[in-house]
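Colleague: I am new to this structure and would like a close look at a single part of it. Please take me through that part in one connected answer.

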Amino acid sequence: MIREKVVVITGASSGIGQAAALRLANDGAKVVLTARRTERLIQTVHEIIEKGGEARYLAADVTSKADMQNVADFTVENYGRIDVWVNNAGLMPLSYLNKRKIDEWETMIDVNIKGVLYGIAAAVPVMERQQSGHIINISSVAGHRVGMGGAVYSGTKFAVRAITEGLRMELSPTSNIRATIISPGMVETELLTTITDEDALNALKARAASKALRSEDIANAIAYAIDQPEWASVNEIVIRPTTQPS
Ligand SMILES: NC(=O)c1ccc[n+]([C@@H]2O[C@H](COP(=O)([O-])OP(=O)(O)OC[C@H]3O[C@@H](n4cnc5c(N)ncnc54)[C@H](OP(=O)(O)O)[C@@H]3O)[C@@H](O)[C@H]2O)c1
């Protein structure tokens, strides 16, 4: 059941995170949106409230442990619990390794891996106290296979899958915490704007699907995982555009 669940979503200012916030609020969840671009968060919260839903926002950077802890504290202060935490924030500055875009490698590791870990660190103590909860981590088809220019990005998304599987094994039996990996193929969002290496961008375009997924398609997958009965833990959903070959 989604209704009345308290759901935190990182990276909720655009793309998949924003679509998930709108979808889950429409299904009756109480949603806490977080990201760095406050104006975008405010717009989406207004949209949800205008439609009769329940939502709040808090600006936060997932690379900050303190910010993630603030989001958890804010959620508990406002809604008393955390039922679902969606680690969605991510970047994809693809590049060939010999371009030595070391700063971009570090940003990807900080946001895509450490951001997920900081989210887990903030949410799990609350869920252990509740003896229930659900962590949903957004990986990628790139967490299953490596494309040219995607070595570091894929590395971060393989890591997200490994971390989520470890979390499931360690915490599900003792704390009743469900763990879900969502691995999308190509989705039409702002993610490509983070690519500064033209060669990597061209390689990506060459293997792109003729029709990408919409953010709402991934929001549907997130909603499906949450909506299952408490005893059923959907561990991974891989969702590609029909025309995406690999
Ligand atoms: N689009 C695809 O084809 C695709 C495919 C597979 C997986 N994914 C994954 O899906 C997730 C969402 O991406 P998207 O496609 O929806 O792209 P997007 O529209 O660019 O959204 C990325 C979100 O991450 C947030 N973010 C980035 N850095 C952050 C930071 N340091 N702290 C807090 N928030 C941060 C952004 O918010 P602010 O800039 O406002 O902070 C934004 O809300 C990512 O993990 C991505 O890797 C996407």
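Modeller: Helix α3, residues 65–79, packs with helix α4, residues 102–130, at an angle of about 30 degrees. The axes of α3 and α4 are 8 Å apart. The model is predicted, and these values are computed from it. Two packed helices are described by the angle between their axes and by the distance between those axes. The hand of the crossing can be added: α3 and α4 cross in a right-handed sense.

Next come the residues that make the contact. From α3, the residues involved are K65, M68, Q69, A72 and V76. They meet Y118, G119, A122 and V126 of α4. Sorted by class, the residues of this contact are 6 nonpolar, 2 polar and 1 charged. The charged one is K65 of α3, because Lys counts as charged. G119 of α4 falls among the polar residues, because Gly is counted there.

For orientation, the model also holds a ligand, with 29 residues around it. The closest are S13, R36, Y153, V187 and T189. An N or O atom in the side chain of S13 is 2.7 Å from an oxygen atom of the ligand. Y153 has a polar side-chain atom 2.7 Å from a ligand oxygen, and T189 likewise places a polar side-chain atom 2.7 Å from an oxygen of the ligand. Taken alone, the ligand exposes 870 Å², of which the protein buries 95%. Helices α1 (15–26) and α5 (151–175) each supply at least two residues of the surrounding shell.

Conventions. Residues numbered from 1 in each chain as written. Predicted model: local features only at pLDDT ≥ 70, side-chain atom pairs only at ≥ 80, totals over all residues. Heavy atoms only, no water. Near = heavy atom within 4 Å. Polar contact = N/O pair within 3.5 Å; in protein donor to acceptor, adjacent residues only side chain to side chain. Areas by Shrake-Rupley, 256 points an atom, 1.4 Å probe, with all protein chains shown as cover. Helix = DSSP H or I, 4+ residues; strand = E, 2+ residues; numbered from the N terminus. Axes fitted to C-alpha atoms, helices over the stretch in contact; angles between N-to-C directions. Left-handed = near helix turned anticlockwise from the far one by under 90°. Contact = heavy atoms within 4.5 Å.
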